[in-house]
Amino acid sequence: MKNSFLKLTRVLLISCLFCIGCKTNTEHNGYTITGIVKGAKEGAWVKLKNTPSLFTDPIITLDSTKITNGTFKFTGNVANVDMVGVYIEPNIGTYFFLDNNTINIAIDVAKSEKGNGYTPANITGSKTQALYELQKQKMDSIRSQDKYSAFIGFREMVMAAKQSKDSILMEQVKQKMTALEPLEKQQQEELKEFKINFVKNNPNSPIGPKIMGITFSEIMMSREEMKTVYNLFKGDAVKSSSFAFIKKTYQDYVEKFVPGATAPDFTLTTNTGEQLTLSKVKGKYILVDFWASWCIPCRASFPKLKKVYNTYKNDGFEVVGVATGDKDKNWRDAIVKDQTLWLHVFDENKKSKGRNGDVADAYGVPFLPTTYLLDSNLKIILRNPTKEELDAKLIELFRL
């Protein structure tokens, strides 16, 4: 009887230990985010949101809480790892990869960037974020090589030129940008190789699409390269929000907006107040140029485009400049200042100011400038041709 009692006690003890173990695992089967905030208002709202990579995707609040004694806390569970944002009212935000771990965030409001509110944060505990930070460091080491020292301070120079509206400074920026193009291409190729190798070695990683970013574009890749890279992504990588950009770019450039396809027709208001319908534009060949007044590369391309336009305009070549993601006054002022004498229309996003307009979205415009060479039936001949490619094609078309 005594032995039976001891056996029963032992079984019950083992069962209890097993249950305690189960309970412990359950408590950690998810994420816990603990934030320490310096400089934020007590009681300010903190919101955890998704970070869509496409303007057309909604921003969703996943959870919200208030700052108490300079801290906040979120708990939950994610089915797949993805980048999220922590936003503190009125205008503070930081981003990181959220996985089911215990994550600590330290934020100093004083370090937030003016204008956009982005605040770099010290984030620990997320294994995915740690891997992402490691890859960013490796890419920074590529950029910081001595052979690329000419780029040091260039971003600040560009921003200063934009803010000052100084024509002389703007011209200096344009000239330096042109001079640095070969070196920039070399750097981009080196970074591209690094990114592709990461995806090859980590096809399931959710950080792969984020790292690839704008490199996955027709400017940086041929259609064959894009096909190869696109088919590498699997599992959690495909489920990540950043993959939406990869997918849309692939569909637009490789499948949809290819030579021979028909571009969408549109009707927009010109700078003179008239209605312009693309299919009614008189011209054997039409270059549709998506641009914005704030886009330095766009406006830097205009002197070359003027020469092309003046060479072929009497033979049936027309340019339709489509200003998108812009302000009406700035667009009009830029046309006058740059003396671009081709057709101009304004593309407005009726749902959201400041974003690409509805026509740009319909054309799958991923960045500015984006250009299409069309025939009179709106058949696509070239998408985003270089100056040399455009020159060669127009010589062929007009047989000069």
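Colleague: In which sense do strand E1 and strand E7 pair, and over how many bridges?

Modeller: A good place to start, and do keep in mind that this is a predicted model. Strands of a sheet pair through backbone hydrogen bonds, in either the parallel or the antiparallel sense. Here, E1 (residues 31–38) and E7 (residues 102–108) are parallel and share seven bridges. To find the register, look at Thr 34, which has Asn 104 of E7 opposite.

Colleague: Which sheet do E1 and E7 belong to, and what is the strand order?

Modeller: They sit in an open sheet of four strands, ordered E4-E1-E7-E8, and its pairing is mixed. The edges are taken by strand E4 (71–76) and E8, each with a single partner strand, so one side of each has no neighbour in the sheet. On average, neighbouring strands are turned by 15° against each other, direction ignored.

Colleague: How many bridges join E7 to E8, and how many are there between E1 and E4?

Modeller: E7 and E8 run antiparallel and are joined by four bridges; Ala 106 is opposite Asn 122 in E8. On the other pairing, E1 and E4 are antiparallel over six bridges, with Gly 35 standing opposite Phe 72 in E4.

Colleague: What is the strand order in the open sheet of seven strands?

Modeller: That order is E10-E9-E13-E12-E11-E14-E15, again with mixed pairing. Strand E10 (275–277) and strand E15 (380–383) are the edge strands; each has a single partner strand, so one side of each is left without a neighbour in the sheet. In this sheet the average turn between neighbouring strands is 30°, direction ignored. At the E15 edge, E14 (residues 370–375) and E15 pair in the antiparallel sense over three bridges, and Leu 374 is found opposite Ile 380 in E15.

Colleague: Which strands does helix H12 lie across?

Modeller: H12 (residues 328–338) lies across strand E9 (267–270), strand E11 (285–291), strand E12 (317–324) and strand E13 (343–347). Its direction is at about 165° to that of E13.

Colleague: Let's turn to helix H2. What should its 17 residues span, and how far apart are its end C-alpha atoms?

Modeller: The idea is to compare an expected span with the one in the model. At 1.5 Å a residue, H2 (residues 127–143) should span 24 Å, and its end C-alpha atoms are 25 Å apart, which agrees.

Colleague: Which residues of H2 are buried?

Modeller: Thr 128, Gln 129, Tyr 132, Gln 135, Met 139 and Ile 142. They cover an arc of only 130° around the axis, which puts them on the same side of H2. Turned away from that buried side is a face carrying the exposed residues Lys 127 and Gln 137.

Colleague: What covers the buried residues of H2?

Modeller: The cover includes strand E5 (82–88), strand E6 (92–98), strand E8 (121–124), helix H5 (181–201) and helix H6 (208–212).

Colleague: Now the aromatic rings. How many aromatic pairs are there?

Modeller: A pair of aromatic rings is described by the distance of the centres and the angle of the planes. With ring centres within 6.5 Å as the cut-off, the count comes to 20 aromatic pairs. One of them joins Tyr 230 and Phe 243: the centres are 5.7 Å apart and the planes are at 25°, so the pair is stacked. Tyr 230 lies in helix H7 (residues 223–230) and Phe 243 in helix H9 (residues 243–256), so the pair ties together parts that are 13 residues apart in sequence.

Colleague: Are Tyr 230 and Phe 243 buried or exposed?

Modeller: Tyr 230 is buried, at a relative accessible area of 17%, and Phe 243 also counts as buried, at 7% relative accessibility. Another pair worth finding is Phe 257 with Tyr 363: their ring centres are 6.2 Å apart and the planes at 5°, so this pair is stacked. It links distant parts of the chain, with Phe 257 in the loop between H9 and E9 and Tyr 363 in the loop between helix H13 (358–362) and E14, 106 residues apart. Phe 257 is buried, with a relative accessible area of 2%; Tyr 363 is buried too, with 1%.

Colleague: Which residues do ring pairs link into a cluster?

Modeller: Phe 257, Phe 266, Phe 290, Tyr 363 and Tyr 372 form that cluster.

Colleague: And how many helices and strands does the chain have?

Modeller: There are 14 helices and 15 strands. The C-alpha trace spans about 110 × 45 × 45 Å along its principal axes, and buried residues make up 42% of the 400 residues in the chain.

How values were computed
Residues numbered from 1 in each chain as written. Predicted model: local features only at pLDDT ≥ 70, side-chain atom pairs only at ≥ 80, totals over all residues. Heavy atoms only, no water. Helix = DSSP H or I, 4+ residues; strand = E, 2+ residues; numbered from the N terminus. Expected span 1.5 Å × (residues − 1). Buried < 20%, exposed > 50% of the residue type's maximum accessible area, 1.4 Å probe, protein only. Arc of directions from axis to C-beta. Contact = heavy atoms within 4.5 Å. Pairing = 2+ DSSP bridges. Axes fitted to C-alpha atoms, helices over the stretch in contact; angles between N-to-C directions. Phe/Tyr/Trp six-rings, centres within 6.5 Å; stacked < 30°, edge-to-face > 60°.
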